[in-house]
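Visitor: I am new to this structure and should be grateful for a close look at a single part of it. Please take the helix packing as the centre, and then follow the chain outward.

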Amino acid sequence: HRDMDRLFTELQEHVMQARLVPIGTLFQGYTRAVRDLALQTGKEIGLTIEGSEVEVDNAAVEQLREPLIHILRNAIDHGLEAKAERRKAGKAPGGHIGLKARYEAAFVIIEIADDGRGMVREKLLARARKWGGLEDPERLTDADLQQLIFEPGFSTADKVTDLSGRGIGLDIVRRAVERLRGTVSVKSQPGQGTTFTLRLPLTLAIIEGFR
């Protein structure tokens with residue numbers, strides 16, 4: 001039994017290592033995407049990447065590809081202001097997006113942060129009333145209101161564009177992350193920007209490897 005336990009543990013480690021890849025292989029693919037989207041929108045956008053060496057399950061990399069690009073498109077289309085609007089707000093004309101990964105206990109944390117206009121409570125309340133899924137949205141905290149953007153049919157966009165969503169909401173991002181046994185949350189400050197945080201379990205490599 002001791003020999004079998006040892007062999008099983010070694011097999012787990014080998015399977016996990018074989019499935020782990022640096023998340024930088026995913027992140028680097030967004031450099032050109034952000035550059036192309038900046039040209040498409042006429043905005044000046046800088047992208048910084050941190051934590052490229054963090055390793056995640058290869059299956060997770062493939063399943064995260066679309067959710068992350070969806071968040072980036074929303075940040076560029078709706079979050080970051082045009083140059084003139086940024087100057088008027090006292091900001092540098094060029095917007096910034098940070099893509100970061102790190103370990104935290106038994107989780108991999110992925111953050112996508114922009115320094116754009118952020119989410120305004122009054123606008124979220126107006127959308128919540130129109131959405132109609134709540135009896136008394138005025139009683140919600142700012143944090144609770146911001147989490148509504150992950151609900152089906154809830155959108156803060158003034159108009160549907162071909163760039164960010166084509167009418168598809170961030171609920172698809174939440175579903176994709178939940179399929180990986182993870183969670184996604186958002187934190188925003190008006191005039192300062194918005195940060196999306198994905199929290200994924202490290203144990204995915206072992207769980208998926210022995211299905």
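Guide: The account below begins with one helix and its two packing partners, and then turns to the strands and to a single residue.

The model is a predicted one, in which local features need pLDDT of at least 70, side-chain atom pairs count only at pLDDT 80 or more, and totals for chains, interfaces and linings use all residues. Residues are numbered from 1 along each chain as its sequence is written, and side-chain values use heavy atoms, with hydrogens and water left out.

Helices (H or I, at least four residues) and strands (E, at least two) are DSSP runs, numbered from the N terminus. Helix 4 covers residues 58–79 and helix 8 covers residues 171–179; the two pack at an angle of about 150 degrees, with their axes 9 Å apart. Axes here are lines fitted to C-alpha atoms, for helices over the stretch in contact, and angles run from 0 to 180 degrees between N-to-C directions. Helix 4 and helix 8 are therefore roughly antiparallel (angles under 35 degrees count as roughly parallel, over 145 as roughly antiparallel, 65 to 115 as roughly perpendicular and the rest as oblique). On the side of helix 4, the contact (heavy atoms within 4.5 Å) is made by Gln63, Pro67, His70 and Ile71, while helix 8 supplies Ile172, Val173, Ala176 and Arg179. By class, this contact of helix 4 with helix 8 has five nonpolar, two polar and one charged residues (Ala, Val, Leu, Ile, Met, Phe, Trp, Tyr, Cys and Pro count as nonpolar, Asp, Glu, Lys and Arg as charged, and the others, Gly among them, as polar).

Helix 4 also packs with helix 3 (residues 29–41), at an angle of about 30 degrees and with axes 11 Å apart. That angle makes helix 3 roughly parallel to helix 4. Helix 3 contributes Tyr30, Ala33, Val34, Leu37 and Thr41 to the contact, and the residues of helix 4 include Leu64, Leu68 and Leu72. The contact of helix 3 with helix 4 has nine nonpolar, one polar and two charged residues.

Among the strands, which pair if DSSP finds at least two bridges between them, strand 2 (residues 45–50) and strand 4 (residues 95–104) run parallel and are joined by six bridges. Thr48 has Gly98 of strand 4 as its bridge partner. Strand 4 pairs with strand 5 (residues 107–114) in the antiparallel sense over eight bridges.

Finally, Gln146 lies in helix 7 (residues 142–147). Gln146 counts as buried because its relative accessibility is 7% (buried means under 20% relative accessible area, exposed over 50%, partly exposed in between, with a 1.4 Å probe and protein chains only).
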